Amino acid sequence: MRIRPAVLFLTLASCAGAPGTPAGTVAPPPATPSVRAAGPSGPDVAPVPTAPAEVGGAPAGKLTLDQARRYMLELVNRDRKSQGLGPVALEPGPATVAAQRHADDMLRLGFLGHWGSDGSVPEQRHTEAGGVDMVLENALCMTDEVRRTLDGHLLLDRAEIDRAERMFFDEVPPNDGHRKNILRPQHTHVGIGIALPVRTPTEIPVPCFVQEFTDHYATYEPLSKTAAPRQLVHLAATLDPRMTPGGFGIARVDLPKPLPPTELNRRRSYPVPAPYQNYWPAGFKTPVVVQVSGTTMRVDLPLGDEPGLYEISTWAKPASGAGEYRMIGLRTVRVER
């Protein structure tokens, strides 16, 4: 189902036909596609579109992609500070690479969600970009399933970034998944992806945004991104001194497959798969004992019999003793026969 773009009627100082409009006709006002947000448990929200200001035919007050990311980071940290939380740092590596990949994908095909058009999910995209930490995603884009061309020289108004962050942060319970994600105390970093379509005579370009929040509390020995069924994998993590070692978990989902925009738009919230088996140190009931030495934990574990996308989670809790064990790392391994 296509969602018809919302039309933005602009007040102009003088009337002029759009490029390519025959003489004697009036060009229709540019359309602004409806933009929606999809987060861990967030609803669809319609924004108030804004038009970019221009001075003398050239963009005025525009931000480059790097500047736009840093400005959104300022807004995220402003919102966290308003609730007594510390700042997160911009992660220019895997988290931003994964965020940009997903923002580009959504914009090109006009969909919104946490599955990609190739069937990928957030932790898979993060892993494929080289990420190892726990990751939770906020996303904002159109849902009209209209194909668009990416603007390779993105220039963005601050107002567009303000609007996107407001849509995420101004949610109210119980539909406040994006806000909760921004305010998770354990987040340490964020990757930011922003995509903008090429302007056309009949449409004002509206950006898509992705925020990938990560929890960096450990360093890891390398883990292959592919494996065979029942293959033994070696897991090793050295934790930040602020954390107490817990263990590892293994979950499995079906191998990703391409999805059409219509199906992608049906999917909204994405729950991180729960492990089908957790492995703990001595003293816990566990099928395989995780070896712990100081802040380092190691174990060799078998993957399952069936092909699929296996999700390897790392578990720890604050060294202060407060709180329960939680995921601090999440990596994927593609298993095929």
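Cys141 and Cys208 form a disulfide, with 1.9 Å between their sulfur atoms. The model is predicted. A search of the whole structure turns up one disulfide. The link ties together distant parts of the chain: Cys141 lies in strand β8 (residues 134-142) and Cys208 in strand β11 (residues 208-215), 67 residues apart. Both cysteines are buried. The torsion about the S-S bond of Cys141 and Cys208 is about 50°, so this disulfide is right-handed.

**The chain as a whole**

The chain holds six helices and 20 strands. Of its 337 residues, 51% count as buried. Among contacts with a separation of 6 or more, 76% come from residues 24 or more positions apart. The exposed area is about 15500 Å². Carbon and sulfur atoms supply 56% of that area.

**Sheet and strand pairs**

Strands of a sheet pair through backbone hydrogen bonds, either parallel or antiparallel. One open sheet here has five strands, in the order β13-β20-β19-β15-β16. Its pairing is mixed. At the edges stand β13 (226-227) and β16 (277-279), each pairing on one side only.

Within this order, β15 and β19 are neighbours. They pair in the antiparallel sense. Arg252 stands opposite Tyr310 in β19.

Strand β18 pairs antiparallel with β14 and also with β17. On the β14 side, His234 stands opposite Asp300 in β18. On the β17 side, Ser293 has Thr296 of β18 as its bridge partner. Strands β17 and β18 form a hairpin with two residues between them. There Gly294 takes a positive phi near 65°.

| Strand | Partner | Sense | Bridges |
|---|---|---|---|
| β15 (residues 243-253) | β19 (residues 308-318) | antiparallel | ten bridges |
| β14 (residues 232-239) | β18 (residues 296-302) | antiparallel | seven bridges |
| β17 (residues 291-293) | β18 | antiparallel | three bridges |

**Helix α4**

Helix α4 covers residues 158-169, twelve residues in total. From first C-alpha to last it reaches 16 Å. That is close to the 16 Å expected at 1.5 Å a residue.

Which residues of α4 are buried? They are Glu160, Ile161, Arg163, Ala164, Glu165, Met167, Phe168 and Phe169. The list includes the charged residues Glu160, Arg163 and Glu165. An α-helix has 3.6 residues a turn, so residues three or four places apart point the same way. Among the buried residues of α4, Ile161, Ala164 and Phe168 follow such a spacing.

Definitions and conventions: Residues are numbered from 1 along each chain as its sequence is written. This is a predicted model: local features need pLDDT of at least 70, side-chain atom pairs count only at pLDDT 80 or more; totals for chains, interfaces and linings use all residues. Side-chain values use heavy atoms; hydrogens and water are left out. Helices (H or I, at least four residues) and strands (E, at least two) are DSSP runs, numbered from the N terminus. The expected span of a helix is 1.5 Å times one less than its number of residues. Buried means under 20% relative accessible area, exposed over 50%, partly exposed in between (1.4 Å probe, protein chains only). Contact means heavy atoms within 4.5 Å. Accessible areas come from the Shrake-Rupley method with a 1.4 Å probe; for residues, only the protein chains shown count as cover. A disulfide is a pair of cysteine sulfur atoms within 2.5 Å. Two strands pair if DSSP finds at least two bridges between them.
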